[in-house]
Amino acid sequence: MRKDKIISKFSNSLLFGWWGLWLILLLASPISGTTSSWGDSLIVSLSKKPEYLKRLQPYSLDYLLEWENKIYLVVNPQELQLLQNLDIPFSLENFEPANNPDSPGSIQTSLNGAYHSYAELEADLFNLEETHPECCLLVNLGQSVEGRNIYALKISDNPALEENEPGVVFLGCHHAREWISVEVPFLLAKYLVEHYQRDPSIQKLVDRSEIWIIPLVNPDGLEYSIYFYRYWRKNRRNLGHGLFGVDLNRNYDYQWGRDDIGSSPDPSSNVYRGPSPFSEPESQAIKKFMELHPHLKALVSYHSYSQVILYPWGYTNKPSHLDDLLRFLASTMSQKMKAVFGTKYSYGQSGASFYLTNGDTTDWALGKFGIPAFTIELPPIDRFRGGFFNAEADIQKIFQENLPAALFLIDWAIQGQTAFTSPSCSWWLKNRNIGESPITH
Ligand SMILES: [Zn+2]
C-alpha cells in the first residue's frame, strides 16, 4: 500500500482544519508551554535514528506509526518544544484528505468531516423522529458533565408506548476518539427507520421488538476530540490539578475497581475509573435507562479499533455462566460480518483473550441484568491500518458489514431461548471447537 494511502487513513480531511486551528490557538495562546492540559496536537515525523530514539526514551510520547524509516508522533506544544530542546529535527506532516474514487472530492463539512459532531447528531436524530414518527421516538436520558444531552432513539411500532416486547440496546462512543462508534449505531437507527415501511422483514423485526439506539454516551469527550485533542478518550470531568476525565467504560459498578490492572485509581490515567461507581452523569444515564427497561434482552456497545467481538467477563479470565450462549451469538455475528465484504472480526471472552477490564458496560449488563452483552471493536484491525482514524469513505462500508449482525441479534432477542435450543444450535454446541478460534492477542 502506498504511503499516502496509509497516511490518508490516519488523517481524514479534518487534520487540515485542525492543524490550522492549532496554529491559530498557539499564536493566540498566552500560556506558551506552561500547562499540560492544553492538549492540542500536531503530527510530526522524524528520522528513526538510534541516537534520537535514545534521547526520546525517558519521555512518554504518543507514537502513531513507523513508516519507511521514519517515526510519526502526535505531539502537543510542550512536546514540540521538547523535540527542539533535545535537538531532534522533525517535519510537520501535511496530511492529504482520503482520496477514494468511490467518493470523489471526499466529504468535508467541518473539522470532523463526514463524522457527526454533537450538534450534527442531535439535528439528525430530531430529523429521524420528525420524518418517521410512526416508528421512532427520541428520548433524552440525561445530561453530561458539561450539560449536553444524552439521546436515545427508540424504534418500535407504537414508539410512545412501553410494550411487553423484547428489547435490544446499541450504544456508541463511550470513548471520545472512537468516532466510528457513533456512526455505526446512528446508521443502524437510520436504516431501520427508513426501511420500516418499505421492507417487510425490517417491519417484522421492528414491530415485534423495542430497539434502542444511544449513539453518543460521551458527548463532551467527542466535542473535545473534534476541536482540541483528537486522541481524547475519557469524559470531561474536571478532576482538579489540571487533570480531566473519567473513563466511562470503567465506571459501571459490577466488579468496579476489582484490581488496578483492569482499571486505574490514578486520575491522570486514560483508564481512570472515577472516585466511585457511577460517579459520572453519563454512566448514570445508562444505568437509569437500563433499570427502566426490564424487557431488554441484549446489549451491544460499539468501540474501535481491533475488529473483535468481545463478551464478558472482562474482569477475569474465568468464563461466565452464559459462556456457551455468548460464544454462539458472537460467532454467528462474526460469520455474518465476514459474509458481507470478507472482513474478519475475531471473537472471544474479553478477559481471557483480550485484556482485563473492570467496571465496563458489558460485565455490568451481564452481571446485573443477566443479558448477553458485547463490545464490538470496529475496524481497522490495528493502528497501522488507521487506528482511530478511519477514512470518511469507509464509514458506510463498516456500517454495512455490521448491519446483518445487529439484525441477527434483534431477531435472536425476539425468538429468545428457542433460537438457542434449535437443532442448528445444538449442532453448533457439539461442534463449537470447529471453525475460527478466538483471538489470542
Ligand atoms: Zn473504546
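This report describes the fold, core and selected contacts of one predicted chain.

**Overall picture**

The chain has 441 residues, of which 46% count as buried. Its secondary structure consists of 15 helices and 14 strands. Among contacts between residues at least 6 apart in sequence, 77% join residues at least 24 apart.

Confidence varies along the model. The average pLDDT of the chain is 82, and 79% of the residues score at least 70. Residues 1–39 have a pLDDT below 50, and this stretch has 57 contacts in the model beyond near neighbours in sequence. Residues 95–109 also stay under 50, with 32 contacts beyond four places in sequence. Where pLDDT is low, the predicted coordinates should not be read in detail.

**The sheet**

An open sheet is built from eight strands in the order E5-E6-E8-E7-E11-E14-E12-E13, with mixed pairing. Strand E5 (136–143) and strand E13 (346–349) each have a single partner strand and stand at the edges, so one side of each is left without a neighbour in the sheet. On average, neighbouring strands of this sheet are turned by 20° against each other, direction ignored.

The table lists three of the strand pairs.

| Strand pair | Sense | Bridges | One facing pair |
|---|---|---|---|
| E5 and E6 | antiparallel | seven bridges | Asn-140 and Tyr-151 |
| E11 and E14 | parallel | six bridges | Tyr-302 and Ile-376 |
| E12 and E14 | antiparallel | three bridges | Leu-310 and Thr-375 |

E5 and E6 form a hairpin with five residues between them. In the turn, Gly-147 has a positive phi of about 90°. Another bridge between these two strands pairs Val-139 with Ala-152 in E6.

Strand E14 has neighbours in the sheet order on both sides, E11 and E12. Six of the six residues of E14 are buried, so this strand is largely enclosed by the rest of the structure. In a regular strand the side chains alternate between the two faces of the sheet. On one side of E14 are Ala-373, Thr-375 and Glu-377, and on the other are Phe-374, Ile-376 and Leu-378; all are buried, and both faces are covered.

**Helices against the sheet**

Helix H6 lies across six strands: E5, E6, strand E7 (167–172), strand E8 (210–214), strand E11 (296–304) and strand E14 (373–378). H6 runs at about 140° to E7.

Helix H8 (residues 219–227) is mostly covered, with eight of its nine residues buried. Those buried residues are Pro-219, Asp-220, Gly-221, Leu-222, Glu-223, Tyr-224, Ser-225 and Ile-226. They pack against helix H5 (118–131), strand E6 (149–155) and helix H6 (180–195).

The loop between H5 and E5 contains His-132. Is His-132 buried or partly exposed? His-132 counts as partly exposed because it has 18 C-beta neighbours inside 10 Å, whereas a buried residue needs 20 or more. Leaving aside residues up to four places away in sequence, His-132 touches Val-193 and Tyr-196. The C-alpha atoms of His-132 and Tyr-196 are separated by 9.1 Å, although the two residues are 64 residues apart along the chain.

**The core and the H10–H13 contact**

The largest nonpolar core holds 89 residues, and Ile-155, Ile-213 and Leu-409 touch the most other members. Helix H13 (residues 395–415) gives the largest share of this core, nine residues. A second, separate core has six residues, among them Ile-43, Val-44, Ile-71 and Val-75.

Which residues does Leu-409 touch, not counting residues up to four places away in sequence? Leu-409 touches Val-168, Ala-298, Val-300, Leu-329 and Met-333.

Two packed helices are described by the angle between their axes and the distance between the axes. For helix H10 (residues 323–341) and H13, the axes come within 8 Å and cross at roughly 145°. The crossing of H10 past H13 is right-handed. On the H10 side the contact is made by Leu-329, Thr-332, Met-333, Lys-336, Met-337, Val-340 and Phe-341. On the H13 side the residues are Lys-397, Gln-400, Glu-401, Asn-402, Pro-404, Ala-405, Phe-408, Leu-409 and Trp-412.

Technical notes: Residues are numbered from 1 along each chain as its sequence is written. This is a predicted model: local features need pLDDT of at least 70, side-chain atom pairs count only at pLDDT 80 or more; totals for chains, interfaces and linings use all residues. A residue is buried if 20 or more other C-beta atoms lie within 10 Å of its own, exposed if 12 or fewer, and partly exposed in between; C-beta atoms are placed from the backbone. Helices (H or I, at least four residues) and strands (E, at least two) are DSSP runs, numbered from the N terminus. Two residues are in contact if their C-beta atoms, placed from the backbone, lie within 7 Å. Two strands pair if DSSP finds at least two bridges between them. Axes are lines fitted to C-alpha atoms, for helices over the stretch in contact, and angles run from 0 to 180 degrees between N-to-C directions. pLDDT is the predictor's confidence in each residue, from 0 to 100. A nonpolar core is a set of buried Ala, Val, Leu, Ile, Met, Phe, Trp, Tyr and Cys residues joined through C-beta atoms within 7 Å. A crossing is left-handed if the near helix is turned anticlockwise from the far one by less than a right angle, and right-handed if clockwise.
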